[in-house]
Amino acid sequence: MTVHIGSHAIGDDQPVYVIGEIGLNHNGSVEIAKQLIDVAADAGAQAVKFQKRTPEISTPEHMKNTPRSTPWGDMTYLEYRYRVEFDRDQYLEIGAYANSKGLDWFASPWDVPSVDFLEDLDVVAFKIASASVTDIEMLDAIAKTGKPVILSTGMSTIDEIDAAVARFDREKLILLHATSTYPLPPEEANLRMIRTLKDRYAGVPVGYSGHEPGLQISIAAVALGAVAVERHITLDRTMWGSDHAASLEPHGLRNLVRDIRVIEKAMGDGVKRVFPGEEAPKSKLRRVGA
């Protein structure tokens, strides 16, 4: 099955769809967001993704008044969440900038009003974060838009994934295998889940959302059949913020996209043949003919 997002087709016979997850790594700055869009475009990614929250709804009650030290001074966690949110005009600006760079852009809503906010901006797709897999009210709001959906499966049981998948039109659904450990240690990557998801949800494209510090696991995911790869990106992993340390810097994203394209070419079609490059060694080295 092939799912279309923007001008891109995503599926087993298509180029891997690479998503630069900007998330909150813009730290509330439109200028940093634009620089990260440049990073994704320059690396050859196809999309950038943000996160959209209505802080008073999406912030857990026990976290709202938790003190947080930030570059803007000490504040509550709820105040911090407001500080890093973009408003409508800012999203229009960064969305137009992403489009001007040839990138799809969309976001993960964390509550129903954020779904409405993004739908008003006519995003090309919705991304569901692993933390939201069990938010059935929000999933139903997204399903009603009729837009393509990318669903991450971290921190979820198979039963929870089943319940989430059941809310959507499978012809517009992409699943991403994920483990929501930041940063991700190799022993928790569980890449064989890519095949498990492909087999369980037959026909639904399956990709990978990674939080590991390097490139190897994401590259292996492509070799195992991932049709999309999402990675957090940052200008500098030492920047302030919770996701920067598990993000790829510009050179890392460039190398990842480069290596993904090499792996795509190397996968082949599984049909055994003698390639043109083998003919000369064959004539020189094979003593006994068939």
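## Strands β8 and β9

F126 stands opposite V149 in strand β9. This is a predicted model, and the strand pair is a good place to start reading it. Strand β8 covers residues 126-128. It runs parallel to β9, and 3 bridges join the two.

Strand β9 spans residues 149-152. V149 and L151 point one way from the strand. I150 and S152 point the other way. In a regular strand, side chains alternate between the two faces of the sheet. Are the four residues of β9 buried or exposed? All are buried.

## S108 in strand β7

Strand β7 runs over residues 104-109, and S108 is found in it. The relative accessible area of S108 is 1%, so this residue is buried: the cut-off for buried is under 20%.

What does S108 touch, beyond its neighbours within four places in sequence? Its contacts there are K49, F50, Q51, K52, K127, I128 and A129. K127 also offers a polar partner: its backbone oxygen lies 3.3 Å from a polar atom of the S108 side chain.

## Aromatic pairs

How many aromatic pairs does a search of the whole structure find? The count is 8. Take F50 and W105. Their ring centres are 6.3 Å apart and their planes meet at 75°, so the pair is edge-to-face. This pair links distant parts of the chain. F50 belongs to strand β4 (residues 47-52), W105 belongs to strand β7, and the two are 55 residues apart. Both F50 and W105 are buried.

Now take F86 and Y91. Here the ring centres lie 5.7 Å apart and the planes are at 85°, so this pair is edge-to-face. F86 is buried, and Y91 is buried too. Which residues do ring pairs link into a cluster? They are F50, F86, Y91, W105 and F117.

## Charges over rings

F117, a member of that cluster, has a charged residue over its face. K52 lies there, at 4.5 Å from the ring centre. K52 is also among the contacts of S108.

A second case involves Y80. R68 lies over the face of this ring, at 4.5 Å from its centre.

## The annotated domain

UniProt lists residues 36-272 as "domain: PseI/NeuA/B-like", in an unreviewed entry. The end C-alpha atoms of this span lie 42 Å apart. Helix makes up 41% of the span and strand 18%.

Notes: Residues numbered from 1 in each chain as written. Predicted model: local features only at pLDDT ≥ 70, side-chain atom pairs only at ≥ 80, totals over all residues. Heavy atoms only, no water. Buried < 20%, exposed > 50% of the residue type's maximum accessible area, 1.4 Å probe, protein only. Polar contact = N/O pair within 3.5 Å; in protein donor to acceptor, adjacent residues only side chain to side chain. Contact = heavy atoms within 4.5 Å. UniProt positions renumbered as here; feature names shortened; annotations may be inferred. Phe/Tyr/Trp six-rings, centres within 6.5 Å; stacked < 30°, edge-to-face > 60°. Lys NZ or Arg CZ within 6 Å of the ring centre and 35° of its normal. Pairing = 2+ DSSP bridges.
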